[in-house]
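Colleague: I'm new to this one. Could you walk me through it and tell me what stands behind the labels you use?

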Amino acid sequence: MGLGPINHFNTYKAFAGHFDGGGHTITGKMVPVSQLDNKYNLYFGLFGICREFYNYPPPSVKNLNMAVSVDVQKAPIPKNGIYTGSLVGYGEGVEIASCTNTGNVQSGDLTADQLLYLCMGGMVGYLTSGSITDCENKGEIRGGNISPLTANAYIGGLVGHGYYISAKGLTNRGKVYGAGYDTSFTGGIFGECLFNDSASELNNYSPIYGPEINVIEYYDDPMAFIGGIAGVMAEQYDVKLTDVNNYADITGATFTGEHLGINNMHIGGLAGSCYVTEVRNASNTGKILATPVYNVIEEAYVGGLFGIL
């Protein structure tokens, strides 16, 4: 079955209701839009945009199983950002609970001079001021490369980029491959996440692979953050991060090209960089596979749990 996003371009015509899937499964392939009504952003998912409006209850998406493959490579490229996930492309103030994804999500290689952001996750591309609980990804999440080497890429097993969110009971069982962008964030649960509340019971069981970054211009200075849970984890206030575990191998970024110089990599069993006040009951049993090469990687921060804490 071919599917198109319920809304893919206008934040003021977003889905703002309550959707209960009743445990049903949606199967098929997500069909790229043929043109952009908004040339600045592409919101790609079952719900392209799901957001809260003033004086209305927060929206929610619950009890839904997604078995839909998503590929944005053939979609038109906007000037600002691509936000894609099987369930929600861009979510603001939305509650996501008890959902699963088994479909593959990929961006492919892109040529885009002006693109600033790629936010891609198995369930949600970008989530802000919301929550995600009791969700699982089993699909393969694969970022591609961009030419020229610009933009930031956030690639996560469940959420590409989380901003001011709470999270509990999240599991990733699908391989995650980073994207070769100027700054790349790759993780089993999140590419990057800023928590505004407690986060707990986050588990990754599948290998995570850092991006292959091709450095073409002499002024390129790419950075890569890779972790079993997230490339980067941070907090708004004092947040407790508890019961966080990685059980799979983490492979660092590969830098190639004609102008290798100031290249930077942070890699850890849980996160490449972690800026959270308190971490409890955290573990990593996977191997950290990072081999810095002189004159290729200028700085490498590698740790069993965190590259930087």
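Colleague: What makes S27 and S31 a strand pair?

Modeller: Strand S27 covers residues 264-268 and pairs with S31 in the parallel sense over 5 bridges. Two strands pair if DSSP finds at least two bridges between them, so with 5 bridges S27 and S31 qualify. One example is Met-265, whose bridge partner in S31 is Ala-300. By strands I mean DSSP runs of E with at least two residues, numbered from the N terminus.

By the way, this is a predicted model: local features need pLDDT of at least 70, side-chain atom pairs count only at pLDDT 80 or more, and totals for chains, interfaces and linings use all residues. Residues are numbered from 1 along each chain as its sequence is written, and side-chain values use heavy atoms, with hydrogens and water left out.

Colleague: Which sheet does S31 belong to, and in what order do the strands run?

Modeller: S31 is part of an open sheet of 8 strands, ordered S3-S6-S11-S15-S18-S22-S27-S31 with parallel pairing.

Colleague: Why are S3 and S31 at the edges?

Modeller: Strand S3 (41-44) and strand S31 (299-303) each have a single partner strand, so one side of each is left without a neighbour in the sheet.

Colleague: Now the rings. Why is the pair Tyr-43 and Tyr-90 called edge-to-face?

Modeller: Rings of Phe, Tyr and Trp (its six-membered ring) pair if their centres lie within 6.5 Å; planes under 30 degrees apart count as stacked, over 60 as edge-to-face and the rest as tilted. Tyr-43 and Tyr-90 are 5.5 Å apart centre to centre with 70° between the planes, so edge-to-face fits. Tyr-43 lies in S3 and Tyr-90 in S7 (residues 88-92), so the pair ties together parts 47 residues apart in sequence. Ring pairs also link Tyr-43, Tyr-83, Tyr-90 and Tyr-126 into a cluster.

Colleague: And what makes Tyr-177 and Tyr-209 stacked?

Modeller: Their centres are 4.7 Å apart and the planes differ by 10°, so this pair falls under the stacked cut-off.

Colleague: How do you know whether Tyr-177 is buried or exposed?

Modeller: Buried means under 20% relative accessible area, exposed over 50%, partly exposed in between (1.4 Å probe, protein chains only). Tyr-177 has 18%, so it counts as buried, while Tyr-209, at 25%, is partly exposed.

Colleague: What makes you say that the charged end of Arg-173 sits over a ring?

Modeller: The test is NZ of Lys or CZ of Arg within 6 Å of the ring centre and within 35 degrees of the ring normal. The charged end of Arg-173 is 4.3 Å from the centre of the Tyr-205 ring and sits over it.

Notes: Helices (H or I, at least four residues) and strands (E, at least two) are DSSP runs, numbered from the N terminus.
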